[in-house]
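Reader: I'd like a close look at one thing here, the helix packing. Please walk me through who touches whom and how the axes cross.

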Amino acid sequence: MTGNEAIALGAYEGGVRVGTAYPGTPSTEILENLSRYPGVNCNWSSNEKTALETAIGASMEGARVLSAMKHVGVNVAADPLMTLSYTGVGGGLVLVSADDPGMHSSQNEQDNRHYARFAKIPLLEPSDSEEARDFVKYGLDLSERFDTPVILRTTTRISHSRSTLIPGEREEMEIPGFKKNPAKYVMLPGFARMRHPIVEQRLIDLQTEAEKNPLNRIEKGSGELGVVCSGIAYQYAKEALPEASFLKLGFSHPLPKKMVRQFASMVKEILVIEELDPFFEEQLLAMHLDVPVRGKDIFSLLGELGVEIIREKIYNIKPELIKIDGDIPARPPVMCPGCSHRGVFYTLRKLKLNVMGDIGCYTLGALKPLESIDSCICMGASVGTALGMARANPDSAEKTVAVIGDSTFLHSGITPLLDAVYNQAPITLMILDNGITAMTGHQEHPGTGTTLQGEAAPAVELETLCRSLGVKRVTAVDAFDLKEVRAVINTEIEVKEPSVIIARQPCIFLLTSFDEPLYIDEDLCNGCKACIALGCPALSFKDDKAIINSTICNACGLCEQLCRFDAIKYPVGEAGEDNE
């Protein structure tokens with residue numbers, strides 16, 4: 001099983017009754033797998049904050065619950081998380097934070113172990129799929145015994161790597177129902193002040209638990225070198241340094257300080273091997289141990305570790321690399337052939353506008369050859385940053401457009417649009433509506449009309465929603481119609497009030513059939529390469545003539561609109577659009 005599959009299995013075997021999440025790589029598959037188990041009610045939430053709040057409510061009812069999100073998603077959920085630490089739980093609550101060292105699919109590589117210290121709650125870090133399953137079950141029990149939420153922190157390599165495990169039986173748990181207790185659940189200042197000492201005492205009790213917990217263990221080896229590590233770093237270090245002694249931390253916050261001192265007494269030097277921040281190293285240095293402690297003076301603060309990296313740093317053994325003669329062309333990620341976002345970004349670049357971007361497939365619009373996105377901060381930030389630019393310089397609104405996807409708009413784009421209306425800012429927002437949460441693998445959202453478990457649901461109408469927020473100018477356009485897209489953008493950026501353009505075409509992966517591919521009339525193609533400006537993978541050039549790869553062209557027609565020489569043609573019987 002992958003780590004994500006194992007986490008879902010652990011939740012099922014641990015008696016979880018409710019699962020919540022907003023999809024985000026590398027965590028997405030957790031809920032998709034958990035939803036397939038009987039007796040578990042799972043739902044996609046609009047964002048991570050509402051996912052955790054839903055989990056809190058289920059926990060208050062007495063159900064065991066799991067909420068999953070990627071590392072930056074915890075930032076969105078941080079508001080309820082910090083107070084959840086005070087209220088504690090009803091049924092066991094495990095929050096999965098799937099971190100992404102190396103930023104395989106993320107806008108930063110923050111180390112979410114800090115959230116456990118920040119919120120003063122326990123942190124568990126599995127190092128393979130079996131531990132991922134077991135740690136979820138243990139975390140649910142720990143949560144109930146200590147009246148606390150528990151963070152289970154994975155990384156991309158744990159989430160997506162496979163290892164073996166033997167499935168167990170589900171532990172059926174009764175749901176006792178909600179028990180009124182305002183002093184515990186209503187965090188008025190007077191009640192919150194009474195809860196804070198409980199949180200501090202709980203942390204002391206959890207440290208005692210961590211000292212004796214089998215999730216932390218000393219593996220005795222050579223006395224020359226002791227390695228302190230957790231998670232996937234344990235697997236790397238164990239393979240690279242098999243002779244060393246190890247302190248493997250699975251229950252890694254609060255730090256088991258007595259165990260650390262015991263370990264330090266057994267070795268001449270401690271090497272802390274951990275990805276990203278010196279989370280353990282700083283705590284060990286603060287303990288003033290009797291042996292040297294090293295870590296980030298050897299290993300980088302950036303990116304992932306690996307066996308070869310550890311060997312190179314410790315033994316100066318350089319990895320053997322495959323040598324290839326000749327230059328290998330760069331292959332940056334690109335939008336899919338037939339993607340409805342491509343024409344929009346082509347138009348925005350041609351208009352030389354400032355484009356405030358957001359998180360999703362459309363972030364690829366920042367790359368060559370489209371190069372039209374000028375900022376990308378976090379989910380929903382495109383709208384707020386456009387608002388900020390308009391506040392600082394009202395004249396900038398005429399050359400600024402915010403872009404956001406349909407799923408991301410529902411995640412966190414609604415409130416900044418409301419701010420723009422409230423503050424009467426003349427921003428232009430483009431919602432690129434492809435009908436799905438595409439980049440994470442096509443998950444449903446409140447606009448799709450289907451739940452995670454495939455049931456029909458009311459579908460949000462974006463036009464109606466935007467008008468209900470007070471936006472008077474809402475225009476829907478065909479994202480494949482370049483002339484229409486350009487004309488509407490030119491109109492809307494001139495108006496002195498908030499406006500929304502919804503550019504709509506479905507993600508190609510939602511289509512079950514495609515039109516016949518376009519073809520090149522070589523006699524008419526003069527090699528101007530105007531069509532290449534779209535960056536479509538189906539288009540290339542050979543001998544100064546354009547070539548269309550018929551196996552991946554799905555006849556979106558964007559390139560046909562760009563060709564001034566009528567060299568790109570639809571199959572006989574199919575009509576094309578007028579050239580741009």
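Author: A crossing is called right-handed if the near helix is turned clockwise from the far one by less than a right angle, and left-handed if anticlockwise. Bear in mind that this is a predicted model, where local features need pLDDT of at least 70 and side-chain atom pairs count only at pLDDT 80 or more, while totals for chains, interfaces and linings use all residues. Numbering starts from 1 along each chain as its sequence is written, and side-chain values use heavy atoms, without hydrogens or water.

Take H14 and H18 (helices are DSSP H or I runs of at least four residues, numbered from the N terminus). H14 covers residues 341-350 and H18 covers 482-492; their axes come within 10 Å and cross at roughly 50° (lines fitted to C-alpha atoms over the stretch in contact, angles 0 to 180 degrees between N-to-C directions). That makes H14 oblique to H18 (not under 35, over 145 or 65 to 115 degrees). The crossing of H14 and H18 is right-handed. On the H14 side, Gly343, Thr347, Leu348 and Lys350 make the contact, meeting Leu482, Val485, Arg486 and Ile489 of H18 (heavy atoms within 4.5 Å). By class, that's four nonpolar, two polar and two charged residues; Lys350 and Arg486 count as charged, Gly343 and Thr347 as polar.

Now for H10 (231-240) and H13 (307-315): they pack at about 50°, axes 8 Å apart, and are therefore oblique to each other. Their crossing is right-handed. Here Tyr236, Ala237, Glu239 and Ala240 of H10 touch Val307, Ile310, Arg311 and Tyr315 of H13. This contact has six nonpolar, no polar and two charged residues, with Glu239 and Arg311 counting as charged.

Technical notes:
Helix = DSSP H or I, 4+ residues; strand = E, 2+ residues; numbered from the N terminus.
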